[in-house]
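These are my notebook entries on one structure, kept in the order in which I looked things up. I wanted to know how the chains meet and what surrounds a few chosen residues.

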Amino acid sequence: MNLMGLFRSPQNELEKGGSEEAGITNTCPHCGALLPLSEQWENLNVCSACGYHFRIGPRERIAYLTDENTFLELDGNLKSKDFLNFPGYDQKLRNAKLASREKEGVVCGEAKICGEPCALFFMDPNFMIGSMGTVVGEKITRLFEYALARSLPVVGFTVSGGARMQEGILSLMQMAKTSGALRKHSDGGNFYLTVLTDPTTGGVTASFAMDGDIIMAEPGATVGFAGARVIEQTIRKKLPQGFQTAEFLLEHGFVDLIVPRSEQKETIAKLLRLHKRGNA
Amino acid sequence: MGAYDKVLLARGKGRATGLSYVNNIFEDFLELHGDRRFADDPAIVGGLATLSGMPVTVIAMEKGSETKEKVRRNFGSPNPEGYRKSLRLMKQAEKFHRPVVCFVDTSGAFCGMGAEERGQGQAIAENLFEMMDLKTPIISLLIGEGGSGGALALAVADRVWILENAVYSVISPEGCASILWKDAKKVKEAAECLALTAEDMKRLEVVERVIPEDRDLETICQELRTQLSEELSALSALPPETLLENRYQRFRKF
Ligand SMILES: [Zn+2]
């Protein structure tokens, strides 16, 4: 497998147009450590000095989480339309496709994790920061319907900067639509695990991100409903350090566990095994 | 009238708020307080009433009319407790086979520190999740501002109606203009682009009915009383599985 092509980070030097020589380094935005890119990639894009988790896209997640060659993508060709003729939306979509190399803000599919079959969705921080539009909502809804029909658990990695405002009210309706689908999946006795990654905010937090039977989070991830800037404008003061982090949510009782990237595959597989149906 | 004029009307001084509809439509409204977990949120009012003799659970966002009242009600921006209270009352309605009527009027769920600490997102998410499966009819009326997820948390319903001059939007035009164009002066353009008027809601099939406002409040409420009892009777006659499947399909189409 070509790791160099697979593990890409939007923050690295290549993206900024730096030299393409091997031995190139990336600076950790958290601790400032200089990380050789190859080492960072091997370390699943986690800073080896401080444990900072870089944002990563769906394909990188699929690579470290799922058993090799088991991932079957679903609805990979659905694309958003500019149905409100919203100024600049077409261009934004084009840019997002280039930046993410994906067609939309979520990748859905079925795979095995340590031999355990499950349905999966991965929202994409590089596609308009996982903003929720009609196609994102539709793909997630279809995934829950697919999983319900096959009695599969769903594992969902959330990323969202908020609503796809270029799709107006229909973006908001996705919160209700997805809630309905995951409700049916849940009523069918099926397991749903959410993994909150950086950032998970807005309508996604206020719908399927917080509805998991078990809610996991990545260390340091920003998770909240309102954006920090909006809160600061409302209360007219600065937010304390660490407000709206995964650790903050754990402390306040809204997250079950925080699991670093290197341990996620094992932990998810364990949870899937514990929720396996019919072999109690 | 432009879309932004509608936004201003929806927010307008002197516009009837939740409790005026409740008091004009229902008989014997009895307010019930508290979420049984943390507090009572005055931004969301809930309780019991009768509608042409039929017991109903009524939930209304209330902005307040005078300054002091507005402050007490946090200008109609609910905290998590408000949503949790509404859910408690809805579950109670389900248990006693009462239909639910919701009145939506908020610029949005409150964006404060306490709201985040007590799980604003989780509270809204739980409402959406539970309302999708509430085995009793729900009708929601958008009477003023329908601000994003904070409004939707009372609008996962079998029927959603909107007043002619109310608006419903995923983000305020101000928020949209500042995020997308970094220019607060582009609010009018943002309002047009967002398609947030009652007319837009009808066209996009987000609502079943637009209630004309060219009459006084009492007349509007009289008509609503008739329409609500008719619609609730029809919905109550459906088997619960049909009711829920129709509700699912109502939102599945988006
Ligand atoms: Zn670091």
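The entries below go from the conventions to the interface, then to a helix, some salt bridges and two single residues.

**Conventions.** I am working with a predicted model, in which local features need pLDDT of at least 70 and side-chain atom pairs count only at pLDDT 80 or more, while totals for chains, interfaces and linings use all residues. Residues are numbered from 1 along each chain as its sequence is written, chains are lettered from A and ligands numbered from 1 in the order in which they are written, and side-chain values use heavy atoms, with hydrogens and water left out.

**Interface, extent.** I first looked up how many residues take part, with contact meaning heavy atoms within 4.5 Å: chain A gives 50 residues and chain B gives 45 residues. I then took the buried area, which is the accessible area (1.4 Å probe) that two parts lose on being put together, summed over both. Between chain A and chain B this comes to about 4000 Å², with 73% from carbon and sulfur atoms. On the chain A side, A:Met165, A:Arg183 and A:Phe225 lose the most area to chain B, and together they make up 17% of what that side buries.

**Interface, polar part.** I counted polar contacts as pairs of N or O atoms within 3.5 Å, where within protein one atom must be able to donate a hydrogen and the other to accept it, and where residues adjacent in sequence count only if both atoms are side-chain atoms. There are 11 residue pairs in polar contact between chain A and chain B, both residues being at pLDDT 80 or more. Helices (H or I, at least four residues) and strands (E, at least two) are DSSP runs, numbered from the N terminus. On that basis, the elements giving two or more residues to the side of chain A that touches chain B are helix 5 (134-149), helix 6 (168-187) and helix 8 (228-235) of chain A, and helix 6 gives the most, with 18 residues. By class, this side has 25 nonpolar, 14 polar and 11 charged residues, where Ala, Val, Leu, Ile, Met, Phe, Trp, Tyr, Cys and Pro count as nonpolar, Asp, Glu, Lys and Arg as charged, and the others, Gly among them, as polar.

**Helix 6 of chain A.** I checked the length of this helix against an expected span of 1.5 Å times one less than its number of residues. For the 20 residues of helix 6 of chain A that gives 28 Å, which agrees with the 30 Å between its end C-alpha atoms. I call a residue buried under 20% relative accessible area, exposed over 50% and partly exposed in between (1.4 Å probe, protein chains only); by this rule 17 of the 20 residues of helix 6 of chain A are buried. Just after the helix, A:Gly189 takes a positive phi of about 80 degrees.

**Salt bridges.** A salt bridge here is a side-chain nitrogen of Lys or Arg within 4 Å of a carboxyl oxygen of Asp or Glu. I find 37 over all chains, and 5 between chain A and chain B. B:Arg252 pairs with A:Glu145, the closest N and O atoms being 2.8 Å apart, and with A:Glu138 at 2.9 Å. The latter pair runs from helix 5 of chain A to helix 12 (residues 240-252) of chain B, and both A:Glu138 and B:Arg252 are buried.

Within chain B, I noted a salt bridge between B:Lys91 and B:Glu94 (3.7 Å, N to O). These two are separated by about one helical turn, because they are 3 residues apart in helix 4 (residues 80-95) of chain B. B:Lys91 is partly exposed at 34% relative accessible area, whereas B:Glu94 is buried at 16%. Salt bridges that share partners join both of them with A:Arg183, A:Asp187, B:Glu130, B:Asp133 and B:Lys135 into one network.

**Two single residues.** Is B:Ala60 buried or exposed? B:Ala60, in strand 3 (residues 54-61) of chain B, is buried with a relative accessible area of 1%. Leaving aside residues up to four places away in sequence, its contacts include B:Val22, B:Ile44 and B:Phe103.

A:Thr201 lies in the loop between strand 7 (192-200) and helix 7 (202-205) of chain A and is buried at 12%. A polar atom of the A:Thr201 side chain lies 2.8 Å from the backbone oxygen of A:Ser160.
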